[in-house]
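Here are a few warm-up exercises to work through with the viewer open. Try each task before you read its solution.

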Amino acid sequence: MKYEIILYWSEEDNAYIAEVPELAGCMADGPTAKDALHNVELIAQEWIETAQELGRPVPVPRGRLKYA
């Protein structure tokens, strides 16, 4: 996956959170950083597939974001 992923620990959720900022609302969690990254890769693929099925645009990966 070529999209930027932001990974952080959430005390509130007691889990690692992984977000893909370029794919609106695309995020996943896990008990370890590795699990969160794995889960968000699956969710991102589902996000892309769903967008394509609905005829919605899929953003082109931009790489590292300057505002993140």
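Two strands pair if DSSP finds at least two bridges between them; helices (H or I, at least four residues) and strands (E, at least two) are DSSP runs, numbered from the N terminus. This is a predicted model, where local features need pLDDT of at least 70 and side-chain atom pairs count only at pLDDT 80 or more, while totals for chains, interfaces and linings use all residues. Residues are numbered from 1 along each chain as its sequence is written, and side-chain values use heavy atoms, with hydrogens and water left out.

**Exercise 1.** Work out how S2 and S3 pair, and which side chains of S3 are buried.

Solution. Start with the bridges: S2 (residues 15-19) runs antiparallel to S3, with four bridges joining them. One to check is Tyr-16, whose bridge partner in S3 is Gly-30. Now walk along S3 (residues 27-30) and watch the side chains alternate. Ala-28 and Gly-30 share one face and are buried, whereas Met-27 and Asp-29 point to the other face and aren't. Here buried means under 20% relative accessible area, exposed over 50%, and partly exposed in between (1.4 Å probe, protein chains only).

**Exercise 2.** Find the buried residues of H1 and say why they line one face.

Solution. First, the list: Ala-36, Val-40, Ala-44, Ile-48 and Ala-51 are the buried residues of H1. Next, look down the axis of H1: these residues fall within an arc of 105°, so they line one face of the helix. (The arc is that of the directions from the helix axis to the C-beta atoms.) The general rule helps: an α-helix has 3.6 residues a turn, so residues three or four places apart point the same way. Then ask what that face packs against: S1 (6-10), S2 and S3, with contact meaning heavy atoms within 4.5 Å. Finally, flip to the other side of H1, where Lys-34 and Glu-53 are exposed.

**Exercise 3.** Track down Glu-22 and see what its side chain reaches.

Solution. Look in the loop between S2 and S3 for Glu-22. Its relative accessible area is 9%, so Glu-22 is buried. Its side chain reaches the backbone nitrogen of Arg-62 at 2.9 Å.

**Exercise 4.** Search the whole structure for aromatic pairs and classify what turns up.

Solution. The search finds one pair. Rings of Phe, Tyr and Trp (its six-membered ring) pair if their centres lie within 6.5 Å; planes under 30 degrees apart count as stacked, over 60 as edge-to-face and the rest as tilted. Trp-9 and Tyr-16 sit 4.9 Å centre to centre with 70° between the planes, hence edge-to-face.

Methods:
Polar contact = N/O pair within 3.5 Å; in protein donor to acceptor, adjacent residues only side chain to side chain.
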